[in-house]
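User: I am new to this structure and should be grateful for a close look at one part of it, namely the strands and how they are arranged. Please explain that part in one connected account, together with the loops that belong to it.

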Amino acid sequence: MATPIRLARELDCRIGEFLRPENDAVGIEVMSTSTSSIFGRVNRRRPCRICGKPDWCVFVRDRERISICMRVSDGARKINRHGGAIFIHDDWREYRPIDVRVVTDIPQEPIAPVEIRDFVYGKLIDLSPAALYPGALIAGEKGLRARGLGECHFDNYGGLPAGSRERDRIAQLLLQEIKDRFQSAGSLRGIPGFWEDGHGTHLWKPKDYLLPRLLIPVRDRSGRIQACQMRLPFTAKNGLRYLWLSSSGLPHGTGSGSPLHFKFRLADLQRDARIVIVEGVLKADVLSALRTELYVVATPCVTANHSALVELTRGRPVLMGFDQDYNSNETVCFHLAALIARRLRRERTLATTRIASWDARVKGIDDAATRNLPINSISVQRWLDRLSPRFREIAMARLSEIAGFPPQSEKRKRFARSVNGGD
């Protein structure tokens, strides 16, 4: 029997058809037989074990040992590509055969202080810069140059070698560097991406790849590198193109988490400055490079870091620049509305929350900036009015659920006039 963690990974790409609100009615299952035999939709009789709600979330039918919650992400093992937070319930171990090895039994290390991570990741980029692989990482169809970055930016990025031997060689060099710099740190334990076994210290997975991967530094509010993302030179079968440089699940490894990425130093931010929130670390880099006047912060995906974003932007004007697939992807619309609602609940107004809008033929705000297209700011009310009836229903349900936003149209209009700014 597969472990829940492995099962969750294998099922990740099959959950999409479950995350549709029209399947919420009790007893209705319109998905394929093979998929519906694995997943179950929550309902009023069987609500989500994480958030307690009867809609949107799903669970794995096999002893119900895995919940995939669309509302709560804190404490989840991972966030899947559809925005669902995967939780593995402790009581599943009662049914585990004695010969099954559990991933969580592998020793893991607490994350190292950010000063150490910043030093090691900086040295890693110096030892293996993206410029070593210009064809794959800089000049290619999806390379840094095509994204709108210039030569003055290339040194900010690294290239993760495709071969495991070369990565091990770099790990040994970094091990010596950290011993020379930090007397208290005798190893690379606690730095996401590095792990140890009886053969020494390693970087990333114990396998070879065909092509190198772009290393993107993720910086904290003081400009220090707190983690790294990797960009694959192709889209994987599961639809993923970005991965965290993590060693979670490997001996003496460490997970990276999903931290925010700052393109400004918070201490330098003026009180009335507007913060622009985007989805994607590299997207933030491109937008900041092309529109230097903006104060940009990135969350890895629209589902992550809502609490941190609400706290960061408390009392400040905000422009949300997420990809415009909220018009076609119900899950994206669901989570964007949730973030708006949480900010409304904290700020008690929508006047300081604006939505970025640009040519609908261009998906990302960075693409709009690269093409020098105008980027407009619209109110939340106008954003709602632009949505299709079905997507407006999804957004209004989340606003009502989280922030008490009046669901009826007339009440909504009166509410909007009292709390919302004009266009």
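Analyst:

**The strands and their surroundings**

An open sheet is built from six strands, which follow one another in the order E12-E14-E13-E15-E16-E17, and their pairing is mixed. The edges of this sheet are E12 and E17, each of which pairs on one side only. The model described here is a predicted one. Inside the sheet, strand E15 (residues 318–320) and strand E16 (residues 353–357) run parallel and are joined by three bridges. Within this pairing, Leu319 has Arg354 of E16 as its bridge partner. In general, strands of a sheet are held together through backbone hydrogen bonds, in either the parallel or the antiparallel sense.

The antiparallel sense appears around strand E9. Of the seven residues of E9 (residues 213–219), six are buried, so the strand is largely enclosed by the rest of the structure. Strand E9 pairs with strand E6 (residues 158–160) in the antiparallel sense over three bridges. In that pairing, Gly159 is placed opposite Leu214 of E9. Strand E9 also runs antiparallel to E10, and here six bridges join the two. Arg219 has Ile225 as its bridge partner in E10. The hairpin of E9 and E10 has five residues between the strands, and in it Gly223 adopts a positive phi near 90°.

Strand E10 deserves a closer look through one of its residues. Gln229 has its place in E10. Is Gln229 buried or exposed? Gln229 counts as buried, because its relative accessibility is 6%, and the cut-off for that class is under 20%. Beyond its neighbours within four places in sequence, Gln229 is in contact with Leu214, Leu215, Ile216 and Val218, with Tyr242, Leu243, Trp244 and Leu245, and also with Val281 and Pro300.

The loop that follows E10 offers a contrast in setting. Phe234 is located in the loop between strand E10 (225–231) and strand E11 (242–244). Phe234 counts as partly exposed because its relative accessibility is 42%, which falls between the limits of 20% for buried and 50% for exposed. Together with Leu210 and Leu211, Phe234 makes a nonpolar surface patch of about 350 Å².

Two further loops contain residues with a notable backbone angle. Most residues other than glycine have a negative phi. His252 is not a glycine, yet it has a positive phi of about 55°. The loop that holds His252 runs between E11 and strand E12 (261–262), and E12 is one of the edge strands of the open sheet. At the other edge strand, E17, a comparable question arises for Asn372. Where does Asn372 lie? Asn372 is in the loop between helix H10 (365–370) and strand E17 (376–379). Asn372 has a positive phi of about 60°, although it is not a glycine. Asn372 is classed as exposed because its relative accessible area is 63%, and the cut-off for that class is over 50%.

A word on confidence completes the account. The pLDDT of the chain averages 84, and 82% of the residues score at least 70. Over residues 1–35, however, the pLDDT is below 50, although this stretch has 83 contacts in the model beyond near neighbours in sequence. The pLDDT also stays under 50 over residues 91–104, for which the model has 20 contacts beyond four places in sequence.

Key: Residues are numbered from 1 along each chain as its sequence is written. This is a predicted model: local features need pLDDT of at least 70, side-chain atom pairs count only at pLDDT 80 or more; totals for chains, interfaces and linings use all residues. Side-chain values use heavy atoms; hydrogens and water are left out. pLDDT is the predictor's confidence in each residue, from 0 to 100. Contact means heavy atoms within 4.5 Å. Patches are made of residues with over 30% relative accessible area and no salt bridge: like charges are joined within 9 Å, nonpolar side chains (Val, Leu, Ile, Met, Phe, Trp, Tyr) within 5 Å. Accessible areas come from the Shrake-Rupley method with a 1.4 Å probe; for residues, only the protein chains shown count as cover. A salt bridge is a side-chain nitrogen of Lys or Arg within 4 Å of a carboxyl oxygen of Asp or Glu. Helices (H or I, at least four residues) and strands (E, at least two) are DSSP runs, numbered from the N terminus. Buried means under 20% relative accessible area, exposed over 50%, partly exposed in between (1.4 Å probe, protein chains only). Two strands pair if DSSP finds at least two bridges between them.
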